[in-house]
Amino acid sequence: MDRLERAYKDDLSGYDSSTAPEELYFPENLGKRMAIDEMSLVKGELYSILTNKDTGTLVALMEGTKASTITEKIMAHLSAEKRMQVEELTLDMDDGFDWVARQCFPNAEHVVDRFHVQKLVTECMQTLRITERQKILTQRREARKAKIGFCETSYENGDTPRQLLARSRYLLFKPSSSWTTTQTARAVILFREFPEMERAYALCQQLKNLYDKQMTRGVAAVLLRQWCEDCDHAGIPEMQDAAASVLRHEGRILNFWNNRATNAFAESFNAKIKRFRGMLRGIRDLKFFLFRCQIYFS
């Protein structure tokens with residue numbers, strides 16, 4: 001197998017290390033609906049990837065995520081005339097990509113992907129769960145240092161407080177209608193013992209339901225502001241932080257309700273590249289890997 005791989009690389013593929021690309025650019029693939037995202041390609045190094053959502057093709061694969069560097073690369077390899085024809089660009093909540101979008105695609109409508117917004121809010125809720133568990137662990141450590149017995153009582157389902165908070169992680173990602181009987185019983189105990197978790201979970205589900213509704217941008221703006229106010233009134237610092245982030249990106253988030261555009265294609269394309277990398281059992285030669293990506297994904 002190793003000899004076959006070497007034969008393919010050295011003789012059959014047409015690969016030449018002296019001319020092989022270190023980054024990929026396909027300006028002919030630029031279209032009206034684009035997506036930009038980041039991905040970890042090799043050894044944890046991040047690459048920025050620009051894709052065409054209509055044709056499913058790769059436009060650019062660039063090393064790094066620094067806004068100024070990515071902007072220079074896009075402007076150098078993609079003509080201004082074609083960049084001005086882009087009408088829609090979906091991206092995450094990263095300020096760097098926002099700056100790239102404003103500089104390189106000024107005529108496009110910039111849409112923050114709904115799944116990144118929901119992920120941010122869910123992570124804030126999970127941070128609250130972790131914080132509550134850390135409080136118990138801290139009490140346990142302090143009791144051990146003081147040589148005082150620390151006893152955790154078990155709830156009716158057999159979980160201790162630490163176990164309850166640890167085992168509730170996955171059920172908090174799902175709507176209550178998707179809970180199993182065991183998860184429902186655990187959620188009842190969790191919300192009874194930690195009321196802030198119930199309020200945080202309700203706010204997460206409220207935002208998800210907001211995204212699922214068909215409405216105009218104007219109606220969405222009113223409901224999104226109301227959701228942010230609900231987060232503030234809840235008095236939970238983690239959810240207040242989430243609301244502050246949403247308000248900071250409010251304009252680009254509301255653009256979702258114009259055409260309900262998401263960055264799902266970019267995430268799917270990233271997964272394709274990762275599967276391709278897995279088929280090759282990792283990346284031994286980065287330039288050869290990009291050479292093959294040039295063939296398969298252009």
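Q: Hi! Looking at helix α2, which residues are exposed on its other side?
A: Hello! Those are Glu72 and Ala76, which are exposed on the other side of α2. Keep in mind as we chat that this is a predicted model.

Q: Okay, and which residues of α2 are buried?
A: The buried ones are Ala67, Ile70, Thr71, Lys73 and Ile74. Around the axis they cover an arc of only 165°, so they sit on the same side of α2.

Q: What do those buried residues pack against?
A: They pack against β1, β3 and β4, and also against two helices, α3 (80–83) and α4 (95–104).

Q: Let's zoom out a bit. How many helices and strands are there in the protein?
A: The protein has 14 helices and six strands. It has 298 residues, and 46% of them count as buried.

Q: What about contacts between residues far along the chain? How many join residues at least 24 apart?
A: If you take the contacts between residues at least 6 apart in sequence, 65% of them join residues at least 24 apart.

Q: Now the sheet. What order do the strands have?
A: The order is β1-β4-β3-β2-β5-β6, in an open sheet of six strands with mixed pairing. At the edges you find β1 (24–25) and β6 (109–112), each of which pairs on one side only.

Q: And where does α2 touch the sheet?
A: Helix α2 (residues 67–77) packs on the sheet and touches β1, β3 (45–52) and β4. The direction of α2 makes about 135° with that of β4.

Q: Back to β1: do β1 and β4 pair in the parallel or antiparallel sense?
A: Antiparallel, over two bridges, with β4 covering residues 57–63. To see this pairing in the structure, look for Leu24, which stands opposite Leu61 in β4.

Q: Is strand β2 mostly covered or mostly open?
A: Mostly covered: seven of the 10 residues in β2 (residues 33–42) are buried.

Q: Which strands does β2 pair with, and how many bridges are there?
A: β2 runs parallel to β5 (residues 88–91), and three bridges join them. With β3, β2 pairs in the antiparallel sense over eight bridges.

Q: What stands opposite what there?
A: Arg33 stands opposite Glu88 in β5. Over in β3, Ser48 is the bridge partner of Glu38.

Q: And what do β2 and β3 form?
A: They form a hairpin, with two residues between the strands. One to look for in the turn is Lys43, which has a positive phi of about 55°.

Q: New topic: at what angle do α7 and α8 pack?
A: Helix α7 (residues 181–193) and helix α8 (residues 195–212) pack at about 115°, and their axes are 4 Å apart. That angle makes α7 roughly perpendicular to α8.

Q: Which residues meet there?
A: From α7 there are Leu190, Phe191, Arg192 and Glu193, and they meet Pro195, Met197, Glu198 and Tyr201 in α8. The residues of this contact divide into five nonpolar, no polar and three charged.

Q: Is Tyr201 buried or exposed?
A: Tyr201 is buried: its relative accessible area is 7%, and the cut-off for buried is under 20%.

Q: So what does Tyr201 touch?
A: Leaving out residues up to four places away in sequence, Tyr201 touches Met125, Leu171, Leu172, Lys174, Pro175, Ser176, Trp179 and Phe191. Take Lys174 as an example: Tyr201 and Lys174 are 27 residues apart in sequence, while their C-alpha atoms are 9.7 Å apart in space.

Key
Residues are numbered from 1 along each chain as its sequence is written. This is a predicted model: local features need pLDDT of at least 70, side-chain atom pairs count only at pLDDT 80 or more; totals for chains, interfaces and linings use all residues. Side-chain values use heavy atoms; hydrogens and water are left out. Two strands pair if DSSP finds at least two bridges between them. Contact means heavy atoms within 4.5 Å. Axes are lines fitted to C-alpha atoms, for helices over the stretch in contact, and angles run from 0 to 180 degrees between N-to-C directions. Angles under 35 degrees count as roughly parallel, over 145 as roughly antiparallel, 65 to 115 as roughly perpendicular and the rest as oblique. Ala, Val, Leu, Ile, Met, Phe, Trp, Tyr, Cys and Pro count as nonpolar, Asp, Glu, Lys and Arg as charged, and the others, Gly among them, as polar. Buried means under 20% relative accessible area, exposed over 50%, partly exposed in between (1.4 Å probe, protein chains only). The arc is that of the directions from the helix axis to the C-beta atoms.
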